[in-house]
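Subject: Structure for your review

Dear colleague,

I am handing over the structure below, together with an account of what was found in it. Please read the notes with the coordinates open beside them.

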Amino acid sequence: MNANRYMRDSLRTADRSNMDRLKLECALGLCGEAGEVADIIKKATFQGHPLDAEHIAEELGDVAWYLAITASAIGKILDDIFTANVDRKSV
């Protein structure tokens, strides 16, 4: 699956009736899900828990969903965002 197809498929599950509310929900969702990834790694690194790669992968999937919906809400597509980011990092 490529980024734009993922974005298209993700949009089927997003309520786009209020775009301002959706942008806020997605911004908060991105922070929350990224925090969950950080928490799993923190517990493995500092508290002796086993690193649960499957749980991290699930949370990264949630991050991807929020990323895709946020991109759409601001009128962007993921392929363009990814390309611009790589180009910016290559300079």
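**Salt bridges, cores and helix packing**

Asp-9 is buried, since its relative accessible area is 16%, which falls under the 20% limit used for that class. Please keep in mind from the outset that this is a predicted model. The side chain of Asp-9 is nevertheless paired: a salt bridge links Asp-9 to Arg-8, with the closest N and O atoms 3.1 Å apart.

How many salt bridges are there in total? The count comes to four. Two of them involve Asp-39, whose partners are Lys-42, at 3.0 Å from N to O, and Lys-43, where the closest N and O atoms are 3.3 Å apart. In sequence terms, Asp-39 and Lys-42 are three residues apart in helix H2, which covers residues 19–46, and are therefore separated by about one helical turn. Asp-39 and Lys-43, both of them also in helix H2, are four residues apart, again about one turn of the helix. As for exposure, Asp-39 has a relative accessibility of 29% and so counts as partly exposed; Lys-42, at 34%, counts as partly exposed, and Lys-43 is partly exposed with a relative accessible area of 31%. Salt bridges that share partners also join Arg-5, Arg-8 and Asp-9 into one network.

Turning to the interior, the largest nonpolar core consists of seven residues, namely Leu-11, Ala-14, Leu-22, Cys-26, Tyr-66, Ile-69 and Ala-73. Helix H2 and helix H3 (53–73) each supply at least two residues of this core, and the largest share, three residues, comes from H3. Which residues does Cys-26 touch, once those up to four places away in sequence are not counted? They are Tyr-66, Ile-69 and Thr-70. There is also a second, separate core of five residues, which includes Ala-3, Met-7, Ala-68 and Leu-78.

Two helix pairs deserve a description of their own. The axes of H3 and helix H4 (residues 78–90) come within 9 Å and cross at roughly 100°, so that H3 is roughly perpendicular to H4, the range for that description being 65 to 115 degrees. On the H3 side the contact is made by Leu-67, Ala-68 and Ala-71, and on the H4 side by Leu-78, Ile-81 and Phe-82. Sorted by class, this contact of H3 with H4 has six nonpolar residues, with no polar and no charged ones.

The second pair is helix H1 (residues 3–11) and H4, which pack at an angle of about 140° with their axes 7 Å apart, and H1 is therefore oblique to H4. Ala-3, Asn-4 and Met-7 of H1 make this contact with Leu-78, Asp-79 and Phe-82 of H4. By class, the contact of H1 with H4 has four nonpolar residues, one polar residue and one charged residue.

Reading these contacts beside the cores, you will find Leu-78 and Ala-68 in the contact of H3 with H4 and among the residues of the second core. Ala-3 and Met-7, which take part in the contact of H1 with H4, are likewise among the residues of that second core.

With best regards

Key. Residues numbered from 1 in each chain as written. Predicted model: local features only at pLDDT ≥ 70, side-chain atom pairs only at ≥ 80, totals over all residues. Heavy atoms only, no water. Buried < 20%, exposed > 50% of the residue type's maximum accessible area, 1.4 Å probe, protein only. Core = buried A, V, L, I, M, F, W, Y, C linked by side-chain atoms within 4.5 Å. Contact = heavy atoms within 4.5 Å. Axes fitted to C-alpha atoms, helices over the stretch in contact; angles between N-to-C directions. Parallel < 35°, antiparallel > 145°, perpendicular 65-115°, else oblique. Nonpolar A, V, L, I, M, F, W, Y, C, P; charged D, E, K, R; others polar.
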